[in-house]
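Visitor: I'd like to walk through this model with you, from the inside out. Shall we look at it together?

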Amino acid sequence: PPSPTLFVVSSPFASTPSSSSERLAGMATSAEGSSAGVGAIDVHLGSGSAASPDGMGLRRSVVDRTLGPMRAGSQRGSVLALACTAFGCGMLTLPWVLANFGLPMGIALLTFGAVCNFYSLRLLVNLAYATRHDQYSSAVQAAIGPKTAWVLDGMLGVYAWGNIAALMVFLSGFAPMLADALSLPDCFRGGWRFILIIFCFPSLPLSLARSLSALRYPMLVSVLGLVSLGFIIAARSGQRSSEMRQAADPAIDQDWWIHPHMDSWEAVPQGIAMIINAYNCHMSLFTTKQELAAPTPERMGKVLLRATIVQWAFYVVLAVAGALSFGYPCLPGTTPSEEIWCTPTNVLASRHFTGPDATISRALMTYTILLGIPINLHCIRSIVERRCFAPTQSQEELQQQLRDDHQPGAQWQSSLQVHVLLTVGLLGSAALLAVVYSNITNLLGILGGGCASTFMFMLPAIATTVIRSSQWKEPSSPVLGRVVGVSKAGVIAVVILLAIASSIGYFAACIAVVNL
């Protein structure tokens, strides 16, 4: 799912390596031999592929590996694929999180989220090695049991459906400012009429497409736009911070950014749930592993570490710049205005974010959101079709064929009537939710704290415990790491860490449900 990020991007929507590489727009395309699976690990290690993916056995120079052409199945492409999967609308909430916690504690929590994200990704990679499955659901099902696949699909479905509503709420939050800058009619300034417009066009026509392959290049543009948006916010943070100190009433303390400014204790789990949601790139992990040339533990370890560092560094820069630009966090129910300086939950909704750069940022995010809606819709629709309408025999044959030779033609499709009715019903119900309930904090609390915590942390921890309980001394498959997540003490340590993060996320989800 695009992280979000609120932005779900990868493997929920595809069942083959070729379609995944199309969606990722060539950043990590399929390499010859990368689908050979776990059984080819020893061959790759012996041929020198770990040092040189082209099989020549010659180690490339640092300059060539850093600045040279990005080859198919390269580590750099895989790092970008994972990191860009997480980049989404959820990152726009991070300035509000740091404004609540204060910069020191906020950066520490971002680091905590990065550590949990890194080790949970490592658990999933080792799970793929141990089960010899190239899909998340099949790997978890092989480790725990068939009922777990239903839980995973349920969480993914709720997550994708809720993301559609959250995306519409995000867009409605800054639509008035974009409409003012572009002199658009009143119907584009938010509210139910605006949501109805984006439901009819372009969301519904794009969502009716059966395949996402046509969106592979627009997806790449949206990722580049999100990165550009982050740098635009950071570039003028110093100027906006000076303006805030001069114009804010009451005056803002010089060291306000050091101390927490939470209006209630509920902001603590809510903020952590938003951080968890921002790091969500787990559903593209199995696709990235398939597409990496020579997916050895050593190369996968480098990819996971570098992708996590890229995410963490980008989030720290964006969150710190956003918080310093707008000041104290906005209180619940407070609408940012020209008289009120505060950091909103959606940083693009601030009235003090003005100028041509602000208009460009909002236009880029509008493009990303309108593209994210059909992507999320495709995820939940494929789950409902597979679980409720596909014949049992067809599912079994499809799974077996995908495991054997990854034939893209094996995908089962529902009838046209079912396809259209599901699309209109799911998209319409999400739009209705966005109209009647626009509290983005509670929506993200449920999505990030409840759903994302389950498939990011809890399921990998449980599956690893089951698999490793019989392999403490001598694992029968290649493993990433030596102690953490592998040995008995290492597995226990990671499980405790992920259990803490999951518990906080579930607590935030409970708070959000009560606040509904």
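Visitor: How many of the eight residues of helix α5 are buried?
Guide: Happy to start there, with this predicted model. Helix α5 spans residues 94-101; helices are DSSP runs of H or I with at least four residues, strands are E runs of at least two, and both are numbered from the N terminus. Buried means under 20% relative accessible area, exposed means over 50%, and partly exposed lies in between, using a 1.4 Å probe and protein chains only. The helix is largely enclosed by the rest of the structure, because the number of its residues that are buried is eight.

Visitor: Which pLDDT do local features need here?
Guide: Residues are numbered from 1 along each chain as its sequence is written, and side-chain values use heavy atoms, leaving out hydrogens and water. As this is a predicted model, side-chain atom pairs count only at pLDDT 80 or more, totals for chains, interfaces and linings use all residues, and local features need pLDDT of at least 70.

Visitor: What is included in the cover over the buried residues of α5?
Guide: The residues to be covered include Leu 94, Trp 96 and Phe 101. Contact means heavy atoms within 4.5 Å. The cover includes α6 (103-131), α12 (267-278) and α14.

Visitor: Which backbone oxygen does the side chain of Asn 100 reach?
Guide: Asn 100 sits in helix α5 and counts as buried because its relative accessible area is 2%. Leaving aside residues up to four places away in sequence, it touches Pro 260, His 261, Met 262, Ala 267 and Pro 329. At 2.9 Å, its side chain reaches the backbone oxygen of Trp 96.

Visitor: What phi does Gly 102 take?
Guide: Gly 102 comes just after α5. Its phi is positive, at about 85 degrees.

Visitor: How far apart in space are Pro 344 and Pro 95, C-alpha to C-alpha?
Guide: Pro 344 belongs to the loop between α14 (297-326) and α15 (356-389), and its relative accessible area of 5% is why it counts as buried. Pro 95 is one of the buried residues of α5. The two prolines are 249 residues apart in sequence, while their C-alpha to C-alpha distance is 8.2 Å.

Visitor: Which residue meets Arg 387 in a salt bridge?
Guide: A salt bridge is a side-chain nitrogen of Lys or Arg within 4 Å of a carboxyl oxygen of Asp or Glu, and here the N to O distance between Arg 387 and its partner Asp 153 is 2.8 Å. Arg 387 lies in helix α15 and Asp 153 in helix α8 (residues 146-182), so the pair ties together parts 234 residues apart in sequence. Arg 387 is partly exposed because its relative accessibility is 22%. The buried partner, at 6% relative accessibility, is Asp 153.

Visitor: Is Arg 236, the salt-bridge partner of Asp 357, buried or partly exposed?
Guide: The closest N and O atoms of Asp 357 and Arg 236 are 2.8 Å apart. Asp 357 is in helix α15 and Arg 236 in the loop between α10 (216-235) and α11 (237-247), so this pair too links distant parts of the chain, 121 residues apart. Asp 357 is buried, with a relative accessible area of 14%. With a relative accessible area of 23%, Arg 236 is partly exposed.

Visitor: In which helix do Lys 302 and Glu 298 both lie?
Guide: Their side chains meet in a salt bridge at 3.7 Å, N to O. An α-helix has 3.6 residues a turn, so residues three or four places apart point the same way. Lys 302 and Glu 298 are four residues apart, about one turn, and both lie in helix α14.

Visitor: How many salt bridges does a search of the whole structure find?
Guide: Besides the pairs above, Asp 180, Asp 186, Arg 189 and Arg 351 are linked in a network of salt bridges. For the whole structure, the search finds six.

Visitor: Which helix gives the most to the nonpolar patch?
Guide: Patches are made of residues with over 30% relative accessible area and no salt bridge, joining like charges within 9 Å and nonpolar side chains (Val, Leu, Ile, Met, Phe, Trp, Tyr) within 5 Å. Trp 192, Leu 196, Leu 432, Val 435 and Val 436 form this one, with about 520 Å² of accessible area together, areas coming from the Shrake-Rupley method with a 1.4 Å probe and, for residues, only the protein chains shown as cover. Two or more residues come from each of α9 (191-207) and α17 (416-436). With three residues, the one giving the most is α17.

Visitor: What percentage of the residues in the protein is buried?
Guide: The protein has 19 helices and zero strands. Of its 516 residues, the buried share is 57%.

Definitions and conventions
Polar contact = N/O pair within 3.5 Å; in protein donor to acceptor, adjacent residues only side chain to side chain.
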